[in-house]
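User: I would like to go through this chain by question and answer, beginning with its overall make-up and then turning to its sheet and its pockets.

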Amino acid sequence: MTRFIYDKRVRDIFWQVVLLGSLAATIYFVVNNASQNMVNAGIASGFDFLWRTSGIDVPFVLTNYTGNSNILALLWVGVVNTLVITAVSVVAATLLGFVVGVARLSKNKLLSGLAGAYIEFVRNIPLLFFVLFWYFGVIAALPGPRQSISIFSVAFLNNRGLIVPAANEGSALKVAAIFVLLAFIVQLGIAVWAKRRRDATGAIFPTWATGLGLLVVLPIIAFGIATALTPWDIPALRGFNFRGGFVLVPEFVALFAALTTYTAAFIAEIVRGGIQSVVKGQWEAAFALGLRPNRALSLVVIPQAMRVMIPPMTSQYLNVLKNSSFGAAIAFPELVSVFVGSALNNTGQAIEIIAITLAIYLAIGLAVSGFMNWYNAKTALVTR
């Protein structure tokens, strides 16, 4: 008996069992207490409400949802809208953050000063202010439909949102997307084969050249041809408003602009820190090979800096996902707005709705974190 007590492995297992049991008991107590209180208060419980007719109109829908759909379909609308606004904001914020971060390190004092002022201004302002500023101060101040800002005469921006062309028939675009997916798989196979070949023989295969062709040139050609073959519904001004096309509501445009400009400031600092983490000798070696500063930056410094940037960048991407809930402040129909707001008011089942919402955010966040951790492990420097 004494031998087991002083065995480190036994003690570790014992305390883990105690911790797990305590956690299970706490969860059971909370759930049981909440259920009992709901019964005493006469509040319905369970998840049957998901199949009730919602009767809620949503102004921005990317699914087949209508007011006659059930609440489960309403939940899916919120999930899709959250994923879309998060994805486009992450891409735009990353591009803007890289530009501002590199500009922050420029030898041009005016350029670096402007980049620094932007970063310091944005980082010291609450995100809610940005959301309200873009919605009430910028989008609402745009001209009406008759004085819309034209973007190459195919898209139009006004105080009712951004009106863009819509495809009448998308078969050509689907074929192009399949080509791009196949190209990605082929390039992945080439990269794996080239690595094994290099490890076995030392011969280097130019995967960057095949990647340029398969992941850049091919998508441009495929989608260019598909765009030419697809019949488009071009928006046109008729009467007091535009007809045709697809309308990105002002709430979407304002939230996208707020998330992008806000997150870009933090990403810019990550980019600056990542670039400065690369030792000076790498710059000197690149210049000794005859590379110009921009080529040395893109070919030598950035690839090494990415190893430092990826972990904090993951946190910023997760912040974009969570900060998309600020759309509720301007009535953009994302997950919190349509489910925790509208659906909860209609059904009154707060615990189930909040639990489902938390579970969805947790699942999406873990998926994003898992993918970024996998990518970080693939790009990490292998040392002995």
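The exchange below concerns a predicted model.

User: How many helices and strands are there in the chain?
Analyst: This is a predicted model, and its C-alpha trace spans about 90 × 80 × 45 Å along the principal axes. Counted along the chain, the secondary structure comes to 12 helices and 8 strands.

User: What percentage of the residues in the chain is buried?
Analyst: A residue is taken as buried when its relative accessible area is under 20%. Of the 384 residues in the chain, the share that meets this cut-off is 34%.

User: Among contacts with a separation of 6 or more, what percentage is accounted for by residues 24 or more positions apart?
Analyst: A contact here requires heavy atoms within 4.5 Å. Among the contacts in the chain whose separation is 6 or more, residues 24 or more positions apart account for 67%.

User: In what order do the strands of the open sheet of 4 strands stand?
Analyst: The pairings can be followed one at a time: β1 pairs with β2, residues 155-158, over 3 bridges in the antiparallel sense, and β2 pairs in that antiparallel sense over 3 bridges with β3, residues 161-164. A further 3 bridges join β3 to β8, and these two strands also run antiparallel. Put together, the open sheet has the order β1-β2-β3-β8.

User: Why is one side of β1 and of β8 left without a neighbour in the sheet?
Analyst: The sheet is open, with antiparallel pairing in the order β1-β2-β3-β8. Since β1 (149-151) and β8 (246-248) each have a single partner strand, one side of each is left without a neighbour, because both stand at the edges.

User: What is the average twist from one strand to the next?
Analyst: The sheet in question is the open one of 4 strands, with antiparallel pairing. From one strand to the next, its twist averages 20°.

User: Which residue in β8 does Ile163 stand opposite?
Analyst: In β3, Ile163 is the bridge partner of Phe156, and β2 and β3 form a hairpin with 2 residues between them. Towards β8, which is joined to β3 by 3 bridges, Ile163 stands opposite Val247.

User: Which element gives the largest share of the lining of the largest pocket?
Analyst: The largest pocket holds about 1700 Å³ of space and is lined by 38 residues, with Ala191, Thr207, Tyr375, Lys378 and Thr379 lying nearest its centre. The elements that give two or more residues to this lining are α3 (71-104), α6 (171-201), α7 (207-229), α10 (293-323) and α12 (350-379). The largest share, 10 residues, comes from α10.

User: How many residues in the lining of the largest pocket are nonpolar?
Analyst: The lining can be divided by residue class, which gives 7 polar and 5 charged residues. The nonpolar residues of this lining number 26.

User: Which element gives the most to the lining of the second largest pocket?
Analyst: The second largest pocket has a volume of about 400 Å³, and among its lining residues are Val102, Trp283, Pro293, Asn294 and Leu297. At least two residues of the lining are supplied by each of α8 (250-277) and α10. With 3 residues, the element that gives the most is α10.

User: How many charged residues are in the lining of the second largest pocket?
Analyst: By class, this lining includes 7 nonpolar residues and 3 polar ones. The number of charged residues in it is 1.

Key:
Residues numbered from 1 in each chain as written. Predicted model: local features only at pLDDT ≥ 70, side-chain atom pairs only at ≥ 80, totals over all residues. Heavy atoms only, no water. Pairing = 2+ DSSP bridges. Axes fitted to C-alpha atoms, helices over the stretch in contact; angles between N-to-C directions. 1 Å grid on protein atoms, 1.4 Å probe; cavity = no way out; pocket = protein on both sides within 12 Å on 5 of 7 lines; lining within 4 Å. Points joined across faces, edges and corners; volume = space filled by probe spheres on them. Nonpolar A, V, L, I, M, F, W, Y, C, P; charged D, E, K, R; others polar. Buried < 20%, exposed > 50% of the residue type's maximum accessible area, 1.4 Å probe, protein only.
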